[in-house]
Amino acid sequence: MKEFDDFNFSVEKYTKDLTRECVGGSDLQQRKKEIEAYNETTAATLKQTCKKNYMEFIQTAKEISHLESEMYQLSHILIEQRNILATMTDGKTSIHLKAESLEAESTTATEDLENSHATRAVKEMVQGFNGNLEGKTFLNEGALIELDGNDYRPIQRVFFFLFNDVLIVCKVKHDKRLDFLTEYDPKKIAVINIKDLDGVKNAINIITPDGSKIYQSITAAGKTEWIEKLEEAFRFDQQKKPKKGQAPQPPTRAKQQSKATTPEKETTPQSPGEPKSLEDETPEWLSTASEEIQTLVAQRHFEDAQELIKRTQEFLRNENRKKLPLADAIETKVKQQELKLINVLLKELSNSHNRNLQIALRAAKRPLKILVEMGRYRQASATLLKVCAVSLRVAQREARRNNADISELFFCDLTQVACDFLTAFEKQPACVSALVVWCNAELQYFASQLIKHYLTKGTSLESVAKCVERVRKPSTKLTEIGLDISYHLEGLLRTTLESLIEESKERLLDSVGRTEESWQPYNLQTKSNLKRLLLELDVLGIDVRAQATGDTWINLTQSTVVFIRHFLQLTEYCGCLAKYETLLQSLELLLKELFIAQHTLKPPSDMAVDPNFVMKNKIFLVDNLLPIAIDKFRQISGRQCEGLRELHTKMSRQQGAPVPRQRSVYTTDVF
């Protein structure tokens, strides 16, 4: 096989040499097998090589990614070192300042130096930024990684420059240069801490006017520093302004009257026993409940948010409401936050769909439980059933692609959904109607897919019976939880099954008598063939050993033997389908007409045939085959086949004695 590895290999030349060398077809077949074996070996080697190269490529890509990350960290460290060196160089000039002003202006000078260095660094390093940074206070800088909001995969590397009133976002290019992307006002953005997940750590969510964006820090300390610096930028102006005292309150009417009557008490301080104002009686947690709920929802602490809403509503229902002048405003805000929490939970629930139903149900448990506790039964049940519908249909589609059994998968998934649904809404029986309607819709979709892919026109009765049996068995599992859908499924498939039965009947009747029949005993040629046939018929439930003669003969025609085997197999298929009562009449008619068609077969008038042999075949069909078929049908379907019983009774009465063979009669005049 070394010729194939030659660069100048020619197919025509190799074929001519091969035919010249080989003698006869056997040599050519041998060489063909060798070439095919070499082809398979080469293909297997190529697959292994491709797999090995692919794994090496993945490993190299990981190493490159790690090297890029390390280079990125080194670049960040070098930038920090350069800033430190620049600070140290410029700091030498501050030694010559006067000692009197050094203490007072040290902090301002350091800030000015940092601001000047940061401004200069932004102008030198960031391409495309034309903003004015004069008079701005530098707060922080650093590298982050922007993540996708759906699957948390890295999108790009970014670099932040944070000043007191501007956040500059830059993109880090492959050549380590910075390209200006956008800028934000720190007072118009919100920072949310994201808890560390399995695949994401040290991440923060920054809500900007352009939308929500997720960034990941290299270390946990860097994440904490960014949260603090962004919060400092948000409150920068408030920290710079001097705190003002409380504005003087206008005197109330009661105080004015007391001043008019007892002016000497004007200068006396308020006694500690005096009651406080109504505003002072509002608990601090209640006044900040709305903001706290909003923060908990943003941080995905849904259970804590729901608990705080419940606590606030219970507090406002008591007699404390009369003592709180801001009770209505607080209740309105909490109500708005409750609606927002419900919308977020419904969105979480709708996004929990997955190709795997078990994963989808597991992901839906948390928002579903909170929605049920909040009394949103209808919305939660409707959303959950939509999620389950998506998972069920995706699973069926994948099962069809893999040639797997979709019936077992569908009914097992339907049972699991029903069990989880009844568990979640156990105390809400009104939601069960939604489950029944959903099961009805999913059953209609399943039946339509079954008809489209498995019960198509031209399908044999054997395939139809097996398909229906595979559907019937798992559908009974739902009766264990009180949901019987067998009758509804029967109604959905009835029209299609009746048309397939009618089509099969026409095809079978058309095949009866089509083959030429010699009306002679059946010769199976060898003893093994006869033995094999007798065993096959024993499995089907009929014994024809009494008809066996000699070593290889059966005293029945070949068409009769074939019909016996085919009719008993057909009886089994019809028995499986007859478990549906609506199909019983069509199946009885099929078996009856097929038996009559075989029984009425006659030899041609011009063929010399023994009438006793013809009658013997018909008697065997009526006396032996028909009772066995009736009993088999009853055992499989659990119903009596009245059509075949009537036919057996009728044919048994009409059946007469064998007709004697005609003899030639000779007459003579000689006495």
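A residue counts as partly exposed when its relative accessible area lies between the limits for buried, under 20%, and exposed, over 50%. By that rule, E462 is partly exposed because its relative accessibility is 33%. The structure discussed here is a predicted model. It contains an open sheet of eight strands with mixed pairing and an open sheet of three strands with antiparallel pairing. The count of salt bridges comes to 23, and that of aromatic pairs comes to 13.

**Eight-stranded sheet and helix α4**

- The strand order of the open eight-stranded sheet is β1-β5-β4-β3-β2-β8-β7-β6, and the pairing is mixed.
- At the edges of this sheet stand β1 (126-127) and β6 (190-193), each of which pairs on one side only.
- Helix α4 (residues 220-234) packs on the sheet, where it touches β2 (138-147), β3 (154-163), β4 (167-172), β6 and β7 (203-208).
- The direction of helix α4 makes about 125° with that of β2.
- Strand β1 runs parallel to β5 (residues 178-184), and two bridges join them.
- Within this pairing, V126 stands opposite L178 in β5.

**Three-stranded sheet**

- The open sheet of three strands has the order β9-β11-β10, with antiparallel pairing.
- Its edge strands are β9 (522-523) and β10 (548-549), and each pairs on one side only.
- Strands β10 and β11 (residues 553-554) run antiparallel and are joined by two bridges.
- A548 has I554 in β11 as its bridge partner.

**Aromatic pairs**

- F160 and W226 form an edge-to-face aromatic pair, with 5.5 Å from centre to centre and 85° between the planes.
- F160 lies in strand β3 and W226 in helix α4, so this pair ties together parts that are 66 residues apart in sequence.
- Both F160 and W226 are buried.
- W285 and F315 also form an edge-to-face pair, at 5.5 Å centre to centre and with 75° between the planes.
- This second pair links distant parts of the chain, 30 residues apart: W285 is in helix α7 (residues 284-287) and F315 is in helix α9.
- W285 counts as partly exposed because its relative accessibility is 25%.
- One aromatic cluster is formed by F160, Y215 and W226.

**Salt bridges**

- E348 and R300 form a salt bridge in which the closest N and O atoms are 2.6 Å apart.
- This salt bridge links distant parts of the chain, with E348 in helix α10 (residues 327-350) and R300 in the loop between α8 and α9 (302-317), 48 residues apart.
- Both partners are partly exposed: E348 has a relative accessibility of 27%, and R300 has a relative accessible area of 40%.
- The side chains of E462 and K466 meet in a salt bridge with an N to O distance of 3.1 Å.
- E462 and K466 are four residues apart in helix α15 (residues 461-475), so about one helical turn separates them.
- K466 is partly exposed, at a relative accessible area of 45%, as is E462, at 33% relative accessibility.
- In the salt bridge between E642 and R645, the closest N and O atoms are 3.8 Å apart.
- Both E642 and R645 lie in helix α21 (residues 642-654), three residues apart, or about one turn of the helix.
- An α-helix has 3.6 residues a turn, so residues three or four places apart point the same way.
- E642 is partly exposed, with a relative accessible area of 36%, and R645 is partly exposed, with 39%.
- A network of salt bridges links E469, R472 and K579.

**Helices α8 and α12**

- S290 is placed in helix α8 (residues 289-298).
- S290 counts as buried because its relative accessibility is 10%, which falls under the 20% limit.
- Leaving aside neighbours within four places in sequence, S290 is in contact with K333 and Q337.
- Helix α12 (residues 377-401) has 25 residues and, at 1.5 Å a residue, should span 36 Å.
- The end C-alpha atoms of helix α12 are 36 Å apart, which agrees with the expected span.
- After α12 comes N403, whose phi is positive, near 55°.

Notes: Residues are numbered from 1 along each chain as its sequence is written. This is a predicted model: local features need pLDDT of at least 70, side-chain atom pairs count only at pLDDT 80 or more; totals for chains, interfaces and linings use all residues. Side-chain values use heavy atoms; hydrogens and water are left out. The expected span of a helix is 1.5 Å times one less than its number of residues. Buried means under 20% relative accessible area, exposed over 50%, partly exposed in between (1.4 Å probe, protein chains only). Contact means heavy atoms within 4.5 Å. Two strands pair if DSSP finds at least two bridges between them. A salt bridge is a side-chain nitrogen of Lys or Arg within 4 Å of a carboxyl oxygen of Asp or Glu. Axes are lines fitted to C-alpha atoms, for helices over the stretch in contact, and angles run from 0 to 180 degrees between N-to-C directions. Rings of Phe, Tyr and Trp (its six-membered ring) pair if their centres lie within 6.5 Å; planes under 30 degrees apart count as stacked, over 60 as edge-to-face and the rest as tilted.
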